[in-house]
Amino acid sequence: MKRRLCFPDLAAWGVTVAGALLLFLLRPGGEGTPLPLVAVLTALGAGAEGVPFASLYRVLYPSFSAAFAAFLLGGPGTAAWVIWVSVLVGRLLRRRTLREGLFAAAVGVAGLAASVGVYRLAGGGDAPLGSWFALSLVSPVFFVMTVALLGLQEPRAWQAPARLATAAAAHVVSTAFGLLLAVSHLIQGSFAFFLVAVALGAVVHLLYLHDELQAANLELRTLHETAGRLNAALRLDGVFSVVAEALDRTLAPQNLALFLCREGGEEVEDAEVRVRGAPLSPPQLAFWRRLAGAAAARREGVLIQDGAALASAGEGAPRSFLAVPLVADGQLLGVIAAGHAEPRRFGRKHLRLLTILSGQVAAVLRSALLYEKVENLAVTDDLTGLYNYRYLHLRLAEELRQARAHGTRLAVLYLDLDRFKACNDAYGHLCGDHILREFAGVLRRSVRQTDVAARYGGDEFVVILPGAGRGEALETLRRIKEAVRSHAFAVPGRNVVVCLGVSAGVACYPEDGETPDELLSAADRSMYREKDGQACAEAE
C-alpha cells in the first residue's frame with residue numbers, strides 16, 4: 001500500500017529544506033576558527049549524539065555543548081556547521097535513516113538561528129561575548145525552538161512533562177559543558193581546551209556505562225522477581241498481570257497484548273486476545289495480529305523500530321513494535337506483543353529481554369492453561385459446554401447475595417425441550433446428544449454475556465438473569481423461543497430436520513422466592529403449568 005503524505009511528513013521536509021538554507025546563510029565569518037579546534041568540537045558533538053543514552057541521561061541535543069562552544073569561539077556560522085555535521089553523523093551512528101538525520105540536523109540549525117536572532121535583538125551584537133544577558137538567552141531559545149520543531153513530526157513525543165523536565169535538565173548540563181570548553185580555550189589556550197574536551201568525552205562515556213549498568217541491573221532484578229511471581233500465578237489473568245508489570249518497568253509500552261492460540265492450533269488469526277493499555281480499534285488489532293502472526297510463523301521475535309510505512313493501521317498505530325512467540329516443548333502457546341506510538345522506543349536489548357522472559361512465561365502459561373481447563377471441567381457440562389448443576393447452585397446463591405446487598409432484581413428461567421423424548425426414541429441417543437449440543441449453542445446466542453446458562457439435567461436448562469425483572473425475563477424468554485422455533489435441528493447421518501419447542505417458567509426475586517431452592521421450585525412449577533396448558537390445548 002502506497003503511503004500518503006501527511007502533515008508531519010510535509011512539515012519535516014519543510015524544516016529540512018529551511019535548515020539547509022539557514023546553514024548557508026550562517027556561513028563562518030572571515031576571521032575563521034582554527035581547523036583542529038573545529039574538528040575536535042565536531043568529533044565531540046558527533047560522539048555525544050551517537051551515544052544511545054537511556055531515559056536517565058537523555059538530552060534533546062547532546063551536541064549543543066560543542067555547538068555552544070563553537071558559537072562562543074568562532075561565531076554562529078562555525079556553530080551552525082558544527083551542529084549540522086555532529087547531529088547528522090551522530091544519528092547515522094545510531095542507525096537512523098539519512099532522512100531522519102537530515103531533519104534532526106536541520107532542526108538543530110534552525111534552533112541555533114533562532115538563538116542567534118534573539119541574542120542580537122537582546123543587545124549581543126556580533127561578538128559572542130558582547131552581553132552576558134543576551135548570551136543567557138541562547139540556550140533556552142534553542143531548547144524551546146527545537147522542541148517545537150520536533151513536535152511538528154512527533155506531536156506526542158513531547159507531551160509528557162516528566163520527559164520534558166529531564167531533557168531540560170540535561171540541556172542545562174550540556175550548556176555548562178559548552179561554556180566550560182569555550183572558557184578553557186579563551187583563558188588557557190588550545191592545550192587546556194583539548195584537556196577539557198578529553199575529560200568531557202570521558203564523562204560522557206562513564207555516564208553511558210553507568211546508564212547501561214543500571215539498565216542491566218533493572219533487567220536482572222525484573223527477571224528474578226518476575227520468575228518468583230510467575231511461579232505463584234495459577235490463572236491466565238494472573239500470568240498476564242505479572243508479565244505486564246514487568247514490561248511496564250523495562251519497556252514502558254503504551255499497549256501490551258497477549259495472543260493465546262486455541263488448543264491444538266498454532267494460528268494467531270483466531271487467537272484469544274488480552275490487551276493492556278489503550279483499547280485497540282479493529283484495524284489496529286488486525287495490524288497487531290499480522291505482525292504477531294509473523295513472529296509465530298518464524299518462531300522468533302519481531303522488532304520494528306520505526307513503522308512509519310505501516311501507518312495504514314490508522315491513528316494510534318504503533319511506530320515501535322515488539323513481538324515474541326511463547327513456545328513450550330515445541331508447542332506454540334501464543335505471542336506476547338508490545339507497541340508504542342513513538343519510533344525506536346524498543347531496541348535489540350528489549351528484544352533480548354522479552355525473549356528471555358518468554359521462556360519463563362511459556363512454561364507457566366502452559367500450567368495456567370491446564371489449570372484453567374481442569375477448573376472448567378469441574379464447573380461445566382461435558383456434553384453441552386454449559387455450566388453444570390453444581391455450579392448453577394453456587395452461582396445462584398452468590399447472585400442472590402449480591403441482589404440482597406445492593407437491592408437489585410434477579411430472575412430465573414427454567415427451560416424444557418418439547419418433543420425431545422420423541423426424537424430421542426425415534427433416532428437414538430446420539431441424535432439426542434447432538435440436539436442438546438445445538439440447543440446449548442442457540443441458548444448461548446440468545447442471552448446476554450452477563451447471564452448464566454446451565455444444564456440442570458436431561459433436557460432441562462436454567463438461565464440466571466442478574467439485574468433483570470419480570471419484564472426483561474419475559475423478553476429474554478421470547479427471544480429464546482423464537483430462536484429455537486426458527487432453528488433446524490438436523491439429525492446426524494440422515495436427511496432429516498427436527499423442529500422443537502420450549503416450555504419455560506419464570507421466577508423473580510424477591511416476589512417468587514428468596515433462596516436458590518425457592519426460586520428454582522417456583523420456576524419449575526411455572527414451567528409445568530405452561531406445559532400442562534399446551535397439553536390441554538393439543539387435547540382439545
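Two strands pair if DSSP finds at least two bridges between them. With that in hand, here are some close-up views of this predicted model.

**View 1. Strand 1 and strand 2 lie side by side in an open sheet.** Strand 1 (residues 255-260) and strand 2 run antiparallel and are joined by six bridges. One spot to look for is Phe259, whose bridge partner in strand 2 is Val273. Helix 10 (residues 236-250) packs on the sheet, where it touches strand 1, strand 2 and strand 5 (331-340). The direction of helix 10 makes about 40° with that of strand 2.

**View 2. The open sheet has five strands in the order 2-1-5-4-3.** Its pairing is antiparallel. Which are the edge strands? They are strand 2 (272-277) and strand 3 (302-304), and each of them pairs on one side only. From one strand to the next, the twist averages 15°.

**View 3. A nonpolar patch sits on the surface.** Five names belong here: Phe24, Trp81, Val85, Val89 and Leu93. Together they have about 450 Å² of accessible area. Helix 4 (residues 76-93) gives the most to this patch, with four residues. Val85 has its place in helix 4. Is Val85 buried, exposed or partly exposed? Its relative accessibility is 31%, so Val85 counts as partly exposed.

**View 4. Arg298 and Glu300 meet in a salt bridge.** Side chains of opposite charge can pair when their charged atoms come close. In this view, the N to O distance is 2.9 Å. Glu300 counts as partly exposed because its relative accessibility is 41%. Arg298 is partly exposed too, with a relative accessible area of 47%. For the model as a whole, the count comes to 14 salt bridges.

**View 5. Helix 13 holds a salt bridge between Arg395 and Glu399.** Their side chains meet at 3.0 Å, N to O. Why are these two separated by about one helical turn? Arg395 and Glu399 are four residues apart in helix 13 (residues 389-406), which accounts for that spacing. Glu399 is buried, with a relative accessible area of 14%. Arg395, at 22% relative accessibility, counts as partly exposed.

**View 6. Helix 16 has a salt bridge between Glu475 and Arg478.** How far apart are the closest N and O atoms of this salt bridge? They are 2.7 Å apart. The two residues are three places apart in helix 16 (residues 470-486), so about one helical turn separates them. Arg478 is partly exposed at a relative accessible area of 45%, and Glu475 is partly exposed at 37% relative accessibility. Elsewhere, salt bridges that share partners join Arg409, Arg470, Glu511 and Asp512 into one network.

**View 7. Strand 6 is mostly covered.** How many of the residues in strand 6 (residues 410-418) are buried? Nine of its nine residues are. In a regular strand the side chains alternate between the two faces of the sheet. Both faces of strand 6 are covered. On one side, Leu410, Val412, Tyr414, Asp416 and Asp418 are all buried. On the other, Ala411, Leu413, Leu415 and Leu417 are buried as well.

**View 8. Strand 6 pairs with strand 8 and with strand 11.** Strand 6 runs antiparallel to strand 8 (residues 460-466), and seven bridges join them. Along this pairing, Tyr414 stands opposite Val462 in strand 8. Strand 6 also pairs with strand 11 (residues 501-509) in the antiparallel sense, here over nine bridges. Leu410 is a good place to start with this pairing, as its bridge partner in strand 11 is Tyr509.

**View 9. Val498 is a buried residue in strand 10.** Strand 10 covers residues 497-498. With a relative accessible area of 8%, Val498 falls under the 20% limit and is therefore buried. Which residues does Val498 touch, not counting those up to four places away in sequence? They are Cys423, Tyr427, His487, Ala488, Phe489 and Val491. Arg419 is 79 residues from Val498 in sequence, and their C-alpha atoms are 9.4 Å apart in space.

Methods: Residues are numbered from 1 along each chain as its sequence is written. This is a predicted model: local features need pLDDT of at least 70, side-chain atom pairs count only at pLDDT 80 or more; totals for chains, interfaces and linings use all residues. Side-chain values use heavy atoms; hydrogens and water are left out. Patches are made of residues with over 30% relative accessible area and no salt bridge: like charges are joined within 9 Å, nonpolar side chains (Val, Leu, Ile, Met, Phe, Trp, Tyr) within 5 Å. Accessible areas come from the Shrake-Rupley method with a 1.4 Å probe; for residues, only the protein chains shown count as cover. A salt bridge is a side-chain nitrogen of Lys or Arg within 4 Å of a carboxyl oxygen of Asp or Glu. Buried means under 20% relative accessible area, exposed over 50%, partly exposed in between (1.4 Å probe, protein chains only). Axes are lines fitted to C-alpha atoms, for helices over the stretch in contact, and angles run from 0 to 180 degrees between N-to-C directions. Contact means heavy atoms within 4.5 Å.
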